Each structure stands twice: as structure tokens, then as C-alpha cells.
Amino acid sequence: MSNLSTNHLLGIKYITKADIELILDTATSFKEVLNRPIKKVPSLRDLTIANLFFENSTRTKLSFELAQKRLSADIVNFSASGSSVKKGETLVDTVNNILAMKVDMVVMRHSSPGAAVFLAKKVNAKIINAGDGAHEHPTQALLDAFSIREKLGSLKGKKIAIIGDILHSRVALSNIFLLKKVGAEVKVCGPATLIPKYITSLGVEVETNMKKVLDWCDVANMLRIQLERQDIKFFPSLREYSLLYGLNKEILEGLSKKIIVMHPGPINRGVEITSEVADHSQSIILEQVENGVAVRMAAMFLLAGRNYAD
Ligand code: CP
């Protein structure tokens, strides 16, 4: 297969296994480009891309921007703070004004779940969801999958534990959709209050004992507690959370096999993982960030209708 089945990247839920494999394979080629002395290709020099960030971001925003520059696209960057959104302009009006300046593709992060799907129905441009509330973060799941595949050779049959604040995590949901589509086994782990009731309907198992899930898995994806999305208390204190669900060096090195530790960032050192684990030889956190650029290059390149074999 040489083309994506979709015009937009709104969530992993909306793409096929073949789309996922095409993006990951294309990203492998772009990773090779990124390791050359000249890291730039002219592939998207005819394209203008707008990066619309209505919510804070470090990794995703910089990674998309760098990926666009490596593909020679023209880019415009928009942050809600300092814009006319503060004067009451709607999302559709904001985007239509940007599109009137002849923009071909929009990368958007927004705090409202469904914002990217909504936008794709309203405006005439290719839309990439860079995170919409607690809904989906498709490029994070793709870069996570790319990083696991690079380390373990394949995804099928691999045992992935997703540990932490599952309830508020778009990373968890996109990872679950992706990992199930490619045949990996997934268990989620965290306090019962932070695991949504519907999660087993997605084909994952729930385990509230972190030691048990660590003994089972090949990869532990440690998630941040998203205090900014919690309007009530879901656990007594961060100290208690960290005692039960924090990964430290003693636990990691006491396991019977060497597992891979992942984290989408931003890390709260000392809460979900200690500094020693974040910087451990089994941690691939910075490799995830590195791979994000190649994966985002691949996603934008393919959505623009290009093919690496051309
Ligand atoms: N992983 C991730 O989405 O990080 P940012 O919020 O910094 O973009």
C-alpha cells in the first residue's frame, strides 16, 4: 500500500493498520535522512502549514515545526495567548482567517475533545490533531509505536503496560487504539479512580497492582498525573500515589527481565518516575522525542499525497 486511507490525521481510531504501518515505514526512511549531515529534503517546499496551538506544548510544537522545516514547508505559528481568540473569535473564524492566507495543512492542539474532528468538517484543509483534550494524541502514539518497534523489532504480541492517569490521558487512548490494531497486548494500571469503566471494552486488561503489571510487561509507558484536568481529588496525595505507582530504580532493577521504560513527557520527576529511572539505560524517553520528528515528517508527507517510493 502506498497511500493513506484518510485525508486527515484526527485520531488513531480513524486510521487503519495499513496506515499505521505505512507511516512507521516512511518514518524509518526519514530517520535516516535526519542522520545525514544535511538533514533537509525539498519534499513539501510547495506546501504552507499552520501550527495552531490553543493549549501549551513543548515537545509536540517544536517537533512538528522542526519536521516541517526538514521537509522545506513554509510555516506559520499561532498561539492562542496573544491572539484575537482572547477577544472572543470562534475556532472556525480563527482557522478560516488563517486559511484565507492560503494555508494547505493545519496542525492543531486544543483543550476540547473532538476539536480536530469538528474542524475537519468545517474547513477545506488537511487537519492533524496534535492533542485534543483527553481524547487523542495520534502522533504521540505513532512515535511511541515507532520507538517500541525500533527496540523490540516488532509490535505484534509485545506486552505493553500503560501506567498512571489513564482517565485524563489522550496518550493512553491513542496508544491503546494503535497497539490493539497492530496486535500488541495491553494492560492499563493505576488507582481505580483514574481508570475509566469503559476501558475493558477496548480490549485491554486492568491491573491495579503495579508490581504485577511490571512483572508481566516488555514495556512500561509511565504517564503523568494530569492535575490540570482534575477538578476533584482522585487520590489522597501525590506522595501516596508515588508510593504505589511511582517507578524507582530498585523496583526497575529488581524485575526478572529488562523492560523498556517510556514516558510521553512532560515528566514529573519523583512522582510517576524517579530521576534515576528517567535517566536510566532502560529509559528511551529522549529517543521517543528524537523519533517524533521522523514520525511527524512521515505523517505530513503522506497526508500531502507524497510517497517515499516516488
Ligand atoms: N508529549 C507531549 O504531548 O508533550 P507536550 O505537551 O510538551 O507537547
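A pocket here is an open set of grid points with protein on both sides within 12 Å along at least five of seven lines, and a residue counts as lining if it has an atom within 4 Å of a point. With that in hand, the predicted model can be read from its biggest opening outwards. The largest pocket comes out at about 390 Å³. Both domain 1 (12-137 + 289-309) and domain 2 (138-285) give residues to the lining of this pocket, so it sits between the two.

In total, 20 residues line the largest pocket, and those nearest its centre are Arg109, Arg170, Arg224, Gly265 and Pro266. Sorted by class, the lining breaks down into nine polar, seven charged and four nonpolar residues. Among the secondary structure elements, α2 and α6 (170-181) each put at least two residues into the wall of the largest pocket.

Next comes the second largest pocket, with a volume of about 210 Å³. Its lining runs to 15 residues, with Leu66, Val289, Glu290, Asn291 and Val293 closest to the centre. Helices α1, α2 and α11 are the elements that give two or more residues to this lining. The class split for the second largest pocket is six nonpolar, five charged and four polar residues.

As for enclosed space, a search of the whole structure turns up one cavity of 30 Å³ or more. The volume of the largest cavity is about 70 Å³. Around the largest cavity sit Arg59, Thr60, Ser63, Gln140, Leu143, His263, Pro264, Ile285, Gln288, Val289 and Arg296. Five of these lining residues are polar, four are nonpolar and two are charged. Helices α2 (59-70), α5 (138-152) and α11 (285-303) each contribute at least two residues to the lining of the largest cavity, and α11 has the largest share, with four. Like the largest pocket, which lies between the domains, the largest cavity takes lining residues from both domain 1 and domain 2, so it too lies between them.

That brings up the domain boundary itself. The protein chain splits into domain 1 (12-137 + 289-309) and domain 2 (138-285), and the centres of the two, taken over C-alpha atoms, are 25 Å apart. On the domain 1 side 31 residues take part in the contact, and on the domain 2 side 28 residues do. Between them the domains bury about 2500 Å², with 61% of that area on carbon and sulfur atoms. Within domain 1, the residues that lose the most area to domain 2 are Ile12, Leu24 and His137, which together make up 27% of what that side buries.

Charge pairing also features at the boundary: three salt bridges are counted between domain 1 and domain 2, while the structure as a whole holds 14. Lys31 is worth a look here. Its side chain meets that of Glu150 in a salt bridge at 2.8 Å, N to O. The side chains of Lys31 and Glu290 also form a salt bridge, at 3.9 Å, N to O. Glu290 belongs to helix α11 and Lys31 to helix α1 (residues 17-34), so this pair ties together parts that lie 259 residues apart in sequence. Glu290 is also one of the residues closest to the centre of the second largest pocket.

Terms used
Residues numbered from 1 in each chain as written. Predicted model: local features only at pLDDT ≥ 70, side-chain atom pairs only at ≥ 80, totals over all residues. Heavy atoms only, no water. 1 Å grid on protein atoms, 1.4 Å probe; cavity = no way out; pocket = protein on both sides within 12 Å on 5 of 7 lines; lining within 4 Å. Points joined across faces, edges and corners; volume = space filled by probe spheres on them. Nonpolar A, V, L, I, M, F, W, Y, C, P; charged D, E, K, R; others polar. Domains from an automatic or database assignment. Contact = heavy atoms within 4.5 Å. Buried area = accessible area lost by both parts, 1.4 Å probe. Salt bridge = Lys/Arg side-chain N within 4 Å of Asp/Glu carboxyl O.
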